[in-house]
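Let's walk through this one together, starting from the inside and working outwards. Keep the viewer open as you read.

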Amino acid sequence: MSEKLDGVRCFWNGRNMYTRNGNLFYPPDWWKDLLPKVLALDGELWTERDDFQKTVSIVRNQKKIDEEWKKITYMVYDSPNLKVKFSERLDIIEKTLGQNPSKHIIFHK
């Protein structure tokens, strides 16, 4: 069990970020470069507690505004494409994200 965040649900497929409905997010290239290319992820984009509207306005903007994306953190809590037990998926996520730590990509336990 993990804390429920008030963020925007986001899927990463190794190349692009999508909403729950399959719409693209448009992070700057430097931000996408922080994500693993070999692991699909599921989580939430967020800034801080009680800041949902600000998060939405940043991540839904198609202009890739660098300064705004510096405020965004991807709180990762699953990798649903892995065909192993949930606990094993969590271990894989933690190990993979630990190889290139970033304040923008966090394993949310």
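In this predicted model, strand 3 (residues 41-46) is a good place to start: 6 of its 6 residues are buried, so the rest of the structure largely encloses it. On one side of the pairing story is strand 1 (residues 8-12), which runs antiparallel to strand 3 and is joined to it by 5 bridges. To find your bearings there, look for C10, whose bridge partner in strand 3 is G43. Strand 3 also pairs with strand 4 (residues 73-78), again in the antiparallel sense and over 5 bridges. Here W46 has T73 of strand 4 as its bridge partner.

Now for the charges. Side chains of opposite charge can pair when their charged atoms come close. The structure holds 5 salt bridges, and one of them puts D42 and R9 together at 2.8 Å, N to O. That pair ties strand 3, home of D42, to strand 1, home of R9, across 33 residues of chain. D42 has 5% relative accessibility, so it counts as buried, while R9, at 25%, counts as partly exposed.

Over in the helices, K54 and E68 meet in a salt bridge at 3.0 Å, N to O. K54 sits in helix 2 (residues 52-59) and E68 in helix 3 (residues 66-69), 14 residues apart. E68 also meets K71, at 3.3 Å, and the shared partners join K54, E68 and K71 into one network.

Last stop, the largest pocket, with a volume of about 170 Å³. It is lined by 11 residues, and those closest to its centre are G7, V8, R9, R20 and R60. By class, the lining has 5 charged, 3 polar and 3 nonpolar residues.

Notes. Residues are numbered from 1 along each chain as its sequence is written. This is a predicted model: local features need pLDDT of at least 70, side-chain atom pairs count only at pLDDT 80 or more; totals for chains, interfaces and linings use all residues. Side-chain values use heavy atoms; hydrogens and water are left out. On a 1 Å grid over the protein atoms alone, a cavity is a set of points where a 1.4 Å probe fits but cannot get out, and a pocket is an open set with protein on both sides within 12 Å along at least five of seven lines; lining residues have an atom within 4 Å of a point. Grid points are joined across faces, edges and corners, and a volume is the space filled by probe spheres set on the points. Ala, Val, Leu, Ile, Met, Phe, Trp, Tyr, Cys and Pro count as nonpolar, Asp, Glu, Lys and Arg as charged, and the others, Gly among them, as polar. Buried means under 20% relative accessible area, exposed over 50%, partly exposed in between (1.4 Å probe, protein chains only). Helices (H or I, at least four residues) and strands (E, at least two) are DSSP runs, numbered from the N terminus. Two strands pair if DSSP finds at least two bridges between them. A salt bridge is a side-chain nitrogen of Lys or Arg within 4 Å of a carboxyl oxygen of Asp or Glu.
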